[in-house]
Amino acid sequence: REANSAGFDFALPKSVPSGLKQVKIIRQKGPIAAFSTIYRNAAKSLTIMAFKDYGLNPTPVRGVKVAVGKTEGRLMPNPHMNSYSFTKGRTSYVLTSNVSIDELIGIAAKF
């Protein structure tokens, strides 16, 4: 768990696919505190956004329901960049990457 000045805790996965290295954590500017953690290697990238879950759904929920353990999330498959979003505790996450869908789901399982 990462403690921060945003008023909420967020976790990062215990491990990511081999070769991806964490390059930075960015605090997003704006009224809703959010953080992006970026991982990269020569060919692949992974961005993990974390923000406090306020229980609001301002846009329609999209994607395929995919459960990872006891957590249900939404997968948006794409030939070039996949995303998986879920809420754990009081924090919402969006994982976006060009790794395979199986690898992306595997990353989500490590929270």
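**Notes on the sheet and its surroundings**

1. Tyr-54 is partly exposed, since its relative accessible area comes to 48%, and between 20% and 50% a residue is classed as neither buried nor exposed. The model is a predicted one, and what follows should be read with that in mind. Tyr-54 sits in the loop that links strand 3 (45–52) with strand 4 (64–68), and together with Ile-32 and Leu-56 it makes a nonpolar surface patch of about 350 Å².

2. The loop between strand 3 and strand 4 also holds Val-61. Is Val-61 buried or exposed? Val-61 counts as exposed because its relative accessibility, 53%, is over the limit of 50%. A separation of 24 Å lies between the C-alpha atoms of Val-61 and Lys-110, two residues that are 49 residues apart along the chain.

3. For a reader new to the structure, the sheet is a useful frame for the remaining points. It is an open sheet of seven strands, arranged in the order 1-2-3-7-6-5-4 and with antiparallel pairing. Its edge strands are strand 1 (21–28) and strand 4, each of which pairs on one side only. From one strand to the next, the twist averages 20 degrees. Helix 1, made of residues 101–108, packs on this sheet, where it touches strand 3, strand 4, strand 5 (71–76), strand 6 (82–88) and strand 7 (91–97). The direction of helix 1 makes about 20 degrees with that of strand 6.

4. At the end of the order where strand 1 lies, seven bridges join strand 1 to strand 2 in the antiparallel sense, and in this pairing Ile-25 stands opposite Thr-37 of strand 2. The hairpin formed by strand 1 and strand 2 has five residues between the strands, and there Gly-30 takes a positive phi near 130 degrees. On its other side, strand 2 (residues 34–40) pairs with strand 3, again antiparallel and over seven bridges, with Met-49 of strand 3 as the bridge partner of Ser-36.

5. Thr-37 deserves a separate look. It belongs to strand 2, and with a relative accessibility of 1% it counts as buried, because that value is under the 20% limit. Which residues does Thr-37 touch, when those up to four places away in sequence are not counted? They are Phe-10, Leu-12, Gln-22, Lys-24, Ile-25, Leu-46, Thr-47 and Ile-48, and among them Ile-25 is also the residue that stands opposite Thr-37.

6. At the other edge, strand 4 and strand 5 run antiparallel and are joined by five bridges, with Arg-74 of strand 5 as the bridge partner of Lys-65. The hairpin of these two strands has two residues between them, and Gly-69 takes a positive phi near 65 degrees there. Val-64, found in strand 4, is partly exposed because its relative accessible area is 46%, which lies between the limits of 20% and 50%. Its contacts, leaving aside neighbours within four places in sequence, are with Gly-73, Arg-74 and Leu-75. The C-alpha atom of Val-64 is separated by 20 Å from that of Leu-46, although 18 residues is the spacing of the two along the chain.

7. Ser-83, in strand 6, is buried because its relative accessible area of 17% falls under the 20% limit. Not counting residues up to four places away in sequence, Ser-83 touches Arg-74, Leu-75, Met-76, Leu-95, Thr-96 and Leu-104.

8. Thr-96, one of the residues that Ser-83 touches, lies in strand 7. Why is Thr-96 described as partly exposed? Its relative accessible area is 26%, so the residue lies between the 20% and 50% limits. Leaving aside neighbours within four places in sequence, Thr-96 is in contact with Ser-45, Leu-46 and Thr-47 as well as with Met-81, Asn-82 and Ser-83. The C-alpha atoms of Thr-96 and Ser-85 are separated by 8.7 Å, and these two residues are 11 residues apart along the chain.

9. As a general point for reading such strands, side chains in a regular strand alternate between the two faces of the sheet.

Definitions and conventions. Residues numbered from 1 in each chain as written. Predicted model: local features only at pLDDT ≥ 70, side-chain atom pairs only at ≥ 80, totals over all residues. Heavy atoms only, no water. Patch = residues over 30% accessible without salt bridge, like charges linked within 9 Å, V, L, I, M, F, W, Y side chains within 5 Å. Areas by Shrake-Rupley, 256 points an atom, 1.4 Å probe, with all protein chains shown as cover. Salt bridge = Lys/Arg side-chain N within 4 Å of Asp/Glu carboxyl O. Helix = DSSP H or I, 4+ residues; strand = E, 2+ residues; numbered from the N terminus. Buried < 20%, exposed > 50% of the residue type's maximum accessible area, 1.4 Å probe, protein only. Pairing = 2+ DSSP bridges. Axes fitted to C-alpha atoms, helices over the stretch in contact; angles between N-to-C directions. Contact = heavy atoms within 4.5 Å.
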